[in-house]
Amino acid sequence: MTHNARQHFRASAKQKLREEDAGDHAFSSRAANPELSKSKGKALDIKRTDALIKRISALQNMLYAQRKQKVLLVLQGMDTSGKDGTVRAMFSGVSPMGVSAAAFKAPTDEELAHDYLWRVHQHVPVKGQIAIFNRSHYEDVLITKVQGMIDDKECKRRYAQIRDFERMLAETGTVIVKVFLHISKEEQRERLQERLDDPDKQWKFAPTDIEQRKKWDEYQRAYEQAIRETDRPHAPWYIVPANSKTHRNLVIASLLLETLEGMELSFPPPHPDLSSFTVV
């Protein structure tokens with residue numbers, strides 16, 4: 001089953017985040033064959049995702065060996081949207097040699113003493129590497145805007161700075177993939193409640209999650225604006241339905257594989273001077 005994930009899930013010029021779209025399952029096996037049971041469809045989708053990840057791993061090995069290009073995967077989304085789960089699912093079968101991951105929490109005093117992009121720039125990928133941002137520089141036009149830390153004028157200035165920052169990364173060999181993990185408000189409620197109900201998951205819960213949830217609509221509008229302001233051909237945004245974890249992983253694996261396949265990766269050519277060597 002072949003899809004064009006980059007085309008299907010690309011953010012639109014006037015992107016609106018609708019609750020019903022969070023449950024979209026266009027890439028699922030059941031969408032292609034509605035007669036499949038839920039359990040059978042889920043099993044098939046997991047199998048398909050595993051096959052995609054194996055292909056991603058092979059291409060990542062070429063990327064690492066070639067040491068010419070870089071990939072930056074940005075993951076954004078509301079609390080419980082699956083950023084951590086996506087990282088585990090996508091890269092558990094990929095060599096850690098050519099992968100790095102950075103999670104951007106509340107900035108430290110040292111980070112606050114610099115410009116807001118300072119801490120981000122330290123974690124961009126090097127040649128041959130895939131870097132994953134679990135949250136990113138977009139926190140500085142999202143939570144800061146919704147919480148009233150910056151005004152509209154400063155937010156607009158930061159959009160321009162982010163566009164310049166991402167253009168610089170692209171012009172120096174970084175292929176950028178930005179993903180918004182789109183869950184519904186009801187799905188978030190269920191996941192937060194699950195964390196509360198399970199003692200082994202309560203460490204994931206913070207009282208501030210409830211306070212942030214009260215500003216759900218404000219965050220949705222802030223995300224819409226950020227996506228519209230910073231979506232560019234060299235730094236595209238993709239809106240990935242994330243109510244289903246299985247479908248979410250299938251879509252992101254498809255996006256990442258299509259991205260790597262479009263980079264014309266290959267192993268370096270054999271060195272002619274080595275043809276005379278023999279290992280004894």
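**Exercise 1.** H4 and H12 are oblique to each other in orientation. Work out which angle leads to this description, and name the residues that meet. The model is a predicted one.

*Solution.*
1. Find the angle: the axes of H4 and H12 cross at roughly 60° and come within 10 Å.
2. Recall the cut-offs: angles under 35 degrees count as roughly parallel, 65 to 115 as roughly perpendicular, over 145 as roughly antiparallel, and the rest as oblique.
3. Apply them: H4 and H12 are therefore oblique.
4. Add the hand of the crossing, which is right-handed for H4 and H12.
5. List the residues: H4 contributes Gly85, Thr86, Ala89, Met90 and Phe91, and these meet Arg248, Asn249, Ile252, Ala253 and Leu256 of H12.
6. Sort them by class: the contact of H4 with H12 has six nonpolar residues, three polar and one charged.

**Exercise 2.** Which residues of H4 are buried, and against which elements do the buried residues of H4 pack?

*Solution.*
1. H4 covers residues 83–91, and its buried residues are Lys83, Gly85, Thr86, Met90 and Phe91.
2. The elements they pack against include two helices, H3 and H12.
3. They also pack against the strands E1 (70–77), E2 (99–103), E3 (130–134) and E4 (174–182).

**Exercise 3.** How are H3 and H12 oriented to each other, and which residues make their contact?

*Solution.*
1. H3 spans residues 38–66 and H12 spans residues 245–261; they pack at an angle of about 25°, with axes 9 Å apart.
2. Angles under 35 degrees count as roughly parallel, and H3 and H12 are therefore roughly parallel to each other.
3. Their crossing is left-handed.
4. On the H3 side the contact has Lys42, Asp45, Ile46, Arg48, Thr49, Leu52, Arg55, Ile56 and Leu59; on the H12 side it has Thr246, Asn249, Leu250, Ala253, Ser254, Leu256, Leu257, Leu260 and Glu261.
5. By class, the contact of H3 with H12 has nine nonpolar, four polar and five charged residues.
6. A general rule helps in reading such lists: an α-helix has 3.6 residues a turn, so residues three or four places apart point the same way.

**Exercise 4.** Describe how H7 and H11 cross and what classes of residue meet there.

*Solution.*
1. The axes of H7 and H11 (residues 216–230) cross at roughly 145° and come within 10 Å.
2. The crossing of H7 and H11 is right-handed.
3. H7 supplies Glu139, Val141, Leu142, Ile143 and Val146, while H11 supplies Glu218, Tyr219, Ala222, Tyr223 and Ala226.
4. Eight of the residues in the contact of H7 with H11 are nonpolar, none is polar and two are charged.

**Exercise 5.** Is Ser136 buried or exposed, and what does its side chain make a polar contact with?

*Solution.*
1. Place the residue: Ser136 is in the loop between E3 and H7 (139–146).
2. Compare its accessibility with the cut-off: buried means under 20%, so Ser136, at 1%, counts as buried.
3. Look for contacts beyond four places in sequence: Ser136 touches Val74, Gln76 and Phe104.
4. Pick out the polar contact, which joins the side chains of Ser136 and Gln76 at 2.6 Å.

**Exercise 6.** Gln15 and Glu258 both have side chains that reach a backbone nitrogen. Which residue does each nitrogen belong to?

*Solution.*
1. Gln15 is in the loop between H1 (5–8) and H2 (29–32), and its relative accessible area of 10% makes it buried.
2. The side chain of Gln15 reaches the backbone nitrogen of Ser12 at 2.8 Å.
3. Outside four places in sequence, Gln15 touches Glu224, Ile227, Arg228 and Ile239.
4. Glu258 belongs to H12 and is buried at 12% relative accessibility.
5. The side chain of Glu258 reaches the backbone nitrogen of Arg6 at 3.0 Å.
6. Arg6 is also listed among the contacts of Glu258 beyond four places in sequence, together with His3, Asn4 and Ala5.

**Exercise 7.** What is the sign of phi in Thr80 and in Arg135, and where do these residues lie?

*Solution.*
1. Start from the general rule: most residues other than glycine have a negative phi.
2. Thr80 is not a glycine, yet its phi is positive, about 75°.
3. Thr80 is in the loop between E1 and H4, and is buried at 9% relative accessibility.
4. Arg135, also a residue other than glycine, has a positive phi near 70°.
5. Arg135 is in the loop between E3 and H7, and counts as buried at 18% relative accessibility.

Definitions and conventions. Residues numbered from 1 in each chain as written. Predicted model: local features only at pLDDT ≥ 70, side-chain atom pairs only at ≥ 80, totals over all residues. Heavy atoms only, no water. Axes fitted to C-alpha atoms, helices over the stretch in contact; angles between N-to-C directions. Helix = DSSP H or I, 4+ residues; strand = E, 2+ residues; numbered from the N terminus. Left-handed = near helix turned anticlockwise from the far one by under 90°. Contact = heavy atoms within 4.5 Å. Nonpolar A, V, L, I, M, F, W, Y, C, P; charged D, E, K, R; others polar. Buried < 20%, exposed > 50% of the residue type's maximum accessible area, 1.4 Å probe, protein only. Polar contact = N/O pair within 3.5 Å; in protein donor to acceptor, adjacent residues only side chain to side chain.
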